[in-house]
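Student: I have never looked at this structure before. Could you show me how to read its features, step by step?

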Amino acid sequence: MDEIQYQFDLLKAKNQKLESDAKMYQALVATSTNAFLYYSFEHDKLETMGSWHHFFDFDVHDRKEFELISDAVCEQYRGELRDVLYLEKQQEEYASCDVALDGRKMWVECEVTVSYLESGKPSDKIIRFRDITKFKQQNDELAYLAYYDSLTGLYNRNYFVQVLSEWLQRAKEDHSVVAVMFVDIDDFRKINDGMGLIVGDELVQVFGQFLGELRQDKVIISHFNSDIYCIAIYDPYGSRTVEAIDKKIRTRLESPLRLTNKMDIPITVSIGVAEYPEAAKTALELINCAEIVMFKAKSKGKNTIQYFDAPILNEFLKNIEIENNLKEALFEQQFTLNYQPQYDTKTGKLRGVEALIRWKNRDGNMVSPGEFIPVAERNGSIVPIGKWVIEEAIRSLSTMRRKFQIDFIMSINISAIQYKRAEFVEDLIAIINRYNIDPADVELEITESVFIDDFKDIMGKMYALRDYGFKVSLDDFGTGFSSLSYLKGLPIDTLKIDKSFIDTVIYDESTRIITESIIQMVKKLGFETIAEGVEKPEQFEYLKKIECDNIQGFLLGKPMNQQALEELLSKLVR
Ligand code: C2E
Ligand code: CA
Ligand code: CA
């Protein structure tokens, strides 16, 4: 009896559990955002549950109507969906697929589970439909972010490189050409600094949108970062040629870009062009080459296009090597100074010496200042190097003074970069005071390039230096704007007539006329003149005749080290 009671209670408890499970199950299904389809093979019974009508606008009552489901999805997914819906045909237990519903922007994940009897016959099948539209959209957005630049809507760098790589592969098979144009807005830093990052960003966006319009079949456009864009052209032809695209860009930039606040900003761009297979074989190398020649376009005065050629690349590679080696040069004491004498034309007396830097790099090779000074100016290392030159020149001037008790001027080349530094004047004064040198014995050689940027600031410094007693000389006269009229306003003491004049002065009538008028004019202004690069006696005689004050050149003395200079000085003293 007890046993029967026990079994009864057990059964009752189980039933109650079943009932509550069923209720819970129904509640779950009813509130679920998913839809379910249950099919019993044994009883050929079909039931749909959950949010069925969220997915389908029809009901399914029996097995034959399964077809309605596959008809509801876009055609390209029907085959895959059928395999899943009739999973029992493959004797599988589980499968799923993602399908898009036809005519509706909805993505659905369809999951199917089939259970089997021991005999192997299917017993039940449950199909679940889940709305995965949001998830898919997020995925699309991620894909968008992976391929596009959010500011301009152009391809981003990674995707551009990827497509370009594929193009190069194809071009190799087709024996085609692929051109890359590296486009960079000129003076973008100034725009950013002067008008703020928000204006800069919008400018990048507006220009990027314009570039986007140049897109066509076989032309892709990308925004790399900041003010840098890249265009690739497969098989340049007709409107796809580099010239045609360059022209469209330049024509557009004839008028300024308009921002949303109605501000109009005029810009120019520098463009570098490199082509596969001539310049490089891989996408990254090709982009690199185009970038390198873009820098060349910048150095040629911007607002221009530069095509790749091998010497530009070689120069660039050489500069990189110089830049790398330059890092250790100061620290490793690889620099020395040479001194080239300047003589008074009339009396033949030593007027002064020009300090000229010499660099013997780690490999023991001499690198000419004409090669490494421009590199040092670009990467800023001219500042410590130039400071070393000043200190070393002043130090040796003070040593030679003490040794030989002889008056002469020490001329020191000063780069525009050094000159622009706020602390330049202060540092210079500190050095001459440390070595107890009279500023009147120090001449600072500057070139016209110092005036390019901030004329007022530069003039202020020049007056300050002159007031303190330093001499200032204008170097390489005749190579820059060389207008005689602007000389009038400059606080300088000396004018150095460039070697290029002296080279031709004997043969060329017009050079002679110019040189003579320079010398006369400069005399009236009260400046001293020095002719540079005098190599021949005829040049010397001529310069003497037209009353050029001083002569510097191989004819009278090559640049020499301190020991050689000391020997020269010792002879002068005797
Ligand atoms: P620069 O200031 O015009 O210096 C004169 C250059 O002409 C020197 O070349 C000198 O060796 C060379 N020269 C002098 N007389 C003759 C001649 O009769 N014939 C020929 N063919 N050449 C002559 P260097 O020493 O190679 O210097 C080249 C340039 O490098 C200098 O031109 C100057 O702009 C720059 N530089 C040299 N030392 C320094 C320095 O310490 N600081 C800075 N910032 N620049 C320097
Ligand atoms: Ca010089
Ligand atoms: Ca010079």
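**Reading the model together**

Student: Let's start with one residue: is Y234 buried or exposed?

Tutor: Y234 counts as buried, because its relative accessibility is 2% and the limit for buried is under 20%. Keep in mind that this is a predicted model.

Student: Which residue lies over the face of Y234?

Tutor: That is R170, at 4.4 Å from the ring centre. You can find another charge over a ring at F554, where the charged end of K558 sits 4.8 Å from the ring centre.

Student: How many aromatic pairs does the structure hold?

Tutor: There are 26 of them. One is formed by Y148 and Y155, with 5.5 Å from centre to centre and 65° between the planes. Planes over 60 degrees apart count as edge-to-face, so the pair of Y148 and Y155 is edge-to-face. As for their surroundings, Y155 is buried, with a relative accessible area of 9%, whereas Y148 is partly exposed at 24%.

Student: How far apart are the ring centres of W167 and Y234?

Tutor: They are 5.6 Å apart, and since the planes stand at 75°, this pair is edge-to-face too. Now look at where the two residues come from: W167 belongs to helix α6 (residues 157-174) and Y234 to strand β8 (residues 228-234). The pair therefore ties together parts that are 67 residues apart in sequence. W167 counts as buried, at 10% relative accessibility.

Student: Which residues do ring pairs link into a cluster?

Tutor: Look for W52, F55, F56, F58 and F129, which are joined by ring pairs.

Student: Now the metals. Which residues are the protein donors of the calcium ion (ligand 2)?

Tutor: To read a metal site, list the protein atoms that reach the ion, then see where they sit in the sequence. Here the donors are E354 (OE), N413 (OD1), E445 (OE) and D475 (OD), lying 2.1 to 2.3 Å from the ion. Their spacing in sequence is E-x58-N-x31-E-x29-D. E354 lies in strand β14 (residues 350-360) and N413 in strand β16 (residues 409-413), so this pair ties together parts that are 59 residues apart in sequence. E354 is buried, with a relative accessible area of 4%, while N413 counts as partly exposed at 27%.

Student: And which residues are the protein donors of the calcium ion (ligand 3)?

Tutor: D475 (OD) and D476 (OD) are donors, and E532 (OE) is listed twice; the distances run from 2.2 to 2.4 Å. The donor residues are spaced D-D-x55-E in sequence.

Student: Which residue bridges the two calcium ions?

Tutor: D475 bridges ligand 3 and ligand 2, and these ions lie 3.9 Å apart. As for the other donors of ligand 3, D476 lies in strand β18 (residues 471-477) and E532 in the loop between β20 (528-531) and α20 (537-545), so they tie together parts that are 56 residues apart in sequence. E532 counts as buried at 11% relative accessibility, and D476 is partly exposed at 25%.

Student: What comes nearest to ligand 1?

Tutor: Of the 20 residues around ligand 1, those that come nearest are Q340, R358, D475, E535 and F554. Polar contacts are worth a look as well. A polar side-chain atom of D475 lies 3.0 Å from an oxygen atom of ligand 1. For E354, an N or O atom of the side chain is 3.1 Å from a ligand 1 oxygen, and for N413 the distance is 3.1 Å.

Student: How much of ligand 1 does the protein bury?

Tutor: Ligand 1 exposes 790 Å² when taken alone, and the protein buries 80% of that. β14, α12 (369-379) and β18 each give two or more residues to the shell around ligand 1. β14 gives the most, with four residues.

Student: Last, the backbone. Where is the peptide bond that is cis?

Tutor: Go to the bond from Y276 to P277, where omega is near 0°. P277 is found in the loop between β11 (269-276) and α10 (283-299).

Student: And what is phi of K218?

Tutor: Phi of K218 is near 70°, a positive value in a residue other than glycine. K218 lies in the loop between α8 (197-213) and β7 (219-225) and is partly exposed, with a relative accessible area of 27%. K302 also has a positive phi, of about 65°, although it is not a glycine. You will find K302 in the loop between α10 and β12 (305-307), where K302 counts as partly exposed at 32% relative accessibility.

Terms used:
Residues numbered from 1 in each chain as written. Chains lettered and ligands numbered in written order. Heavy atoms only, no water. Phe/Tyr/Trp six-rings, centres within 6.5 Å; stacked < 30°, edge-to-face > 60°. Buried < 20%, exposed > 50% of the residue type's maximum accessible area, 1.4 Å probe, protein only. Lys NZ or Arg CZ within 6 Å of the ring centre and 35° of its normal. Donors = N, O, S within 2.8 Å, 3.2 Å for Na, K, Ca; no water. Near = heavy atom within 4 Å. Polar contact = N/O pair within 3.5 Å; in protein donor to acceptor, adjacent residues only side chain to side chain. Areas by Shrake-Rupley, 256 points an atom, 1.4 Å probe, with all protein chains shown as cover.
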